[in-house]
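The following exercises concern a ligand shell and the strands beside it. Each task is followed by a worked solution.

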Amino acid sequence: MSRIRNTSNAPALPWIPRWMLALAALLAAAAFPLLVEYGVIQTVWIRVGTRALVYVLLAVGLNLIMGETGMLNLGYIAFFAIGAYTTALFSSPRFGFEVPFWPLLVMSAGLAMLAGYLVGLPSLRLRGDYLAIVTLAFGEVTRYTFNNWESVTNGPGGIPGIYRPTVFGYLVERPIEFYYLILVFVVLAVLLVANLKNSRVGRAWNALREDEIAAEAAGIHGMRAKMVALVISAAIAGVAGSLFAYYQQFINPTYFVFMQSVIIVCMIVLGGLGSIPGAVLGAVVLDSLPEFTRQSFSSWLPAIFGRDFMAGWPDFLRTFFLDFDQYRMLIVGLVIVVMVIFRPEGLIPDALWRREVHQEDPREQEHTLQTLFDIEEGKQDLEV
Amino acid sequence: MTPILEFKNVTKTFGGLSAVKNLSFTVDRGEIVSIIGPNGSGKTTAFNLITGIYQPDYGDILYEGQSVVGLRPDQVQGLGIARTFQLLRLFSSMTVLENVLVGMHGRMRTGVFSAILRLPSVVKEERKAKAKAKEILALFPGRFSEGRQGQPAQALSYANRRRLEIARALASDPKLLLLDEPVAGMNPAETMELMHQIRDLREAGRTILLIEHDMKVIMGASDRVIVMDHGEKIAEGIPDVVAKDPLVVEAYLGKRAASIA
Ligand SMILES: Nc1ncnc2c1ncn2[C@@H]1O[C@H](COP(=O)(O)OP(=O)(O)O)[C@@H](O)[C@H]1O
Ligand SMILES: [Mg+2]
């Protein structure tokens, strides 16, 4: 009977407990720079890894709002931009400010939170997906503002020369140091989101996602709970933006285009909505895929199969793999389409979402009603 | 003594249709009162008006002497009124236990910051809440085994979903429990069992306002019956008397049957 098959409660990877996977991932992430230090892979990989970590932060943060409360935020990159610009403006020669790392990190997160609050005020009062529309508009307005408010942001020219941060008296300079700094924040964000998820607060978000009316009747202040999710996810984006600006030393509006918001959405859809390990995996895969492909075809595969192993290949295939970055959105799109068809719950699904995705058509449930009574009456154990 | 619930000339219209028309009644503490009436007579709308899902156009609704008009649903629930839904509204992907825990939301204190830090107080409150949720589920003996508590609500049979709705409502320890057709779709044996359980809830000190549209079902269970038809109260009293009221018989069976009876 399909009803019973679909309600399976088994974890996605039943043979390994989740915490061991998390620990393994953390160890792998911590050991990764050593591959570069010992010359196993090229130095560029530290940059790839650091950028991937920034996207992991963003994916984990967006997942808080999209995965837990089910609200679509299509302008998430704007909160990232606000964090980045705050840091750039207050720690660069632009206006001669040099606010220290921690206060500026708090400021960056704080302004992103304020923006989240202001976006939430009009859109969360209404039921339904108004947030998607409002955030979409907000994302564009934010980028236009940074692009056109030249007296402050220097417009398309961007803000160069962002100072290196001093963290606990230690000047963070080398790429590898940034890698570890951002990794620390990734761990903090993961812990924060995981703790919220497994608490009264996270339960309220899930309940609102499943049935807003029932959740409110059960004592949840819907608007406030959603606002909390929106503001916390904005804070994570703000922190990510600040770290990104410090690391990059230069920002301009092109880093914060709408497509970036879309990519982050794709990352969590790929990994599995509501799933923290999914968000991490989705971000790492989608962000480093282009570099991985380029490297594979320009150095690793030639090393194995000989310099001109692509000699017989048609031209378009060769350019496809060597200039993979150009086709990035195409690949992202394809990956998502394939996922939605074959594994809509994502690579490492969250238990709740897996059930939701596989939930049966209610009309069909109505249809099996009589059978259900029979189960109830006779062989109750069918259900356990 | 002030009644626990009082409707004062409440009217609610949708478009041109008066779903509830000039409705007045009271419920006293410790009573089991049933609202009955044919489909579409405004019973569920009355519940939605109490719980803040709809606002009345006219009239007032008092809970323990205080108006609840204008309050949000979560505020109403916080005052001690919990409800179930006729068209089940469980959190179907969440587990049985989690459904009950959501019902406890308003009684729990864990805030965002303590949750983020997962303070010992949070862990302790969570453990206590789970224990209490299990106690509530145990009010339905044999229906929510340990294994079933970890299953998603959507895996439950129809009757068990109805029971879970009640359990979730009970989780907030309400003084007034509103049950919207709690036995709909249950077989006679299950209905009897639930009626006993509802009486037990009253013995435990709760007031119960119950909607049912099958006259026979509530005869034994309720102290008092309010009969609605087309949004209006057409009769009120103890079940045996109301059941013989010609207006009620007519509303239920139509004029022809009424003349035969
Ligand atoms: N939100 C609504 N919008 C329009 N009409 C409604 C709404 N809710 C209820 N009604 C109408 O009000 C009347 C009473 O409905 P309801 O209270 O659900 O009846 P009952 O619970 O007694 O079967 C019905 O005619 C119904 O169609
Ligand atoms: Mg109804």
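**Exercise 1.** Which elements of chain B each supply at least two residues of the shell around ligand 1?

*Solution.* The model is predicted: local features need pLDDT of at least 70, side-chain atom pairs count only at pLDDT 80 or more, and totals for chains, interfaces and linings use all residues. Residues are numbered from 1 along each chain as written, chains are lettered from A and ligands numbered from 1 in written order, and side-chain values use heavy atoms, without hydrogens and water.

Step 1. Take helices (H or I, at least four residues) and strands (E, at least two) as DSSP runs, numbered from the N terminus, and count a residue as near ligand 1 if one of its heavy atoms lies within 4 Å.

Step 2. The elements sought are β2 (17-27) and α1 (43-50) of chain B. With three residues, α1(B) gives the most.

**Exercise 2.** Identify the polar contacts of ligand 1 (pairs of N or O atoms within 3.5 Å).

*Solution.* Step 1. On the backbone, a polar atom of G42(B) is 3.0 Å from a ligand oxygen, and an N or O atom of K43(B) lies 2.9 Å from one.

Step 2. From the side chain of T44(B), a polar atom lies 2.7 Å from an oxygen of ligand 1.

**Exercise 3.** Describe the pairing of β1(B) (residues 5-14) with β2(B).

*Solution.* Step 1. Strands pair if DSSP finds at least two bridges between them; here seven bridges join the two in the antiparallel sense.

Step 2. L5(B) is opposite V27(B), and in the hairpin, with two residues between the strands, G15(B) has a positive phi near 60°.

Terms used
A polar contact is a pair of N or O atoms within 3.5 Å; within protein, one must be able to donate a hydrogen and the other to accept it, and residues adjacent in sequence count only if both atoms are side-chain atoms.
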